[in-house]
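Biologist: I'd like to learn how to read helix packing. Could you walk me through it with an example?

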Amino acid sequence: MGIVEKLRLETTPAERLLVKWQYTIASNLIRLLDQRGMTQKEFAHLAGLTEAQVTNLLTGSPNPTLNTLAKISAALKVDILNLIDAKP
């Protein structure tokens, strides 16, 4: 059994879903910032986040709180669901 298969079997469905959402949020955030021509620094200021928090969000590494998602949603004027919804 390969390492990827072994890791897949050792993670719970909830853990896999969390990772999927983290990367979906990162992908959607990158797309939204690009559409607006907004830098990470500008976005951080607008959303009341640190630049380090934004960097983490863009790499899919954190587990953002509902409060953080609300700040992102308000700053970009999008529904929270648009942040976690996988786009085609």
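Biologist: Which residues in helix 3 meet which residues in helix 4?

Modeller: Happy to help, and keep in mind that this is a predicted model. From helix 3 come Gln-40, Lys-41, Phe-43 and Ala-44, and they meet Glu-51, Val-54, Thr-55 and Leu-58 of helix 4. By type, the residues of this contact are four nonpolar, two polar and two charged.

Biologist: How do I describe the way two helices pack?

Modeller: Two packed helices are described by the angle between their axes and by the distance between those axes. Here, helix 3 (residues 40-47) and helix 4 (residues 51-58) have axes 9 Å apart, at an angle of about 110°. Angles of 65 to 115 degrees count as roughly perpendicular, so that is how helix 3 and helix 4 lie to each other. The crossing of helix 3 with helix 4 is right-handed.

Biologist: Thanks! At what angle do the axes of helix 2 and helix 5 cross?

Modeller: Roughly 20°, for helix 2 (residues 13-36) and helix 5 (residues 66-76), with the axes coming within 12 Å. Because angles under 35 degrees count as roughly parallel, helix 2 is roughly parallel to helix 5. Their crossing is left-handed.

Biologist: And which residues does helix 2 bring to its meeting with helix 5?

Modeller: Helix 2 brings Ile-25, Leu-29, Leu-32, Leu-33 and Arg-36, while helix 5 offers Leu-69, Ile-72 and Leu-76. Sorted by type, the residues of this contact are seven nonpolar, no polar and one charged.

Methods:
Residues are numbered from 1 along each chain as its sequence is written. This is a predicted model: local features need pLDDT of at least 70, side-chain atom pairs count only at pLDDT 80 or more; totals for chains, interfaces and linings use all residues. Side-chain values use heavy atoms; hydrogens and water are left out. Axes are lines fitted to C-alpha atoms, for helices over the stretch in contact, and angles run from 0 to 180 degrees between N-to-C directions. Helices (H or I, at least four residues) and strands (E, at least two) are DSSP runs, numbered from the N terminus. Angles under 35 degrees count as roughly parallel, over 145 as roughly antiparallel, 65 to 115 as roughly perpendicular and the rest as oblique. A crossing is left-handed if the near helix is turned anticlockwise from the far one by less than a right angle, and right-handed if clockwise. Contact means heavy atoms within 4.5 Å. Ala, Val, Leu, Ile, Met, Phe, Trp, Tyr, Cys and Pro count as nonpolar, Asp, Glu, Lys and Arg as charged, and the others, Gly among them, as polar.
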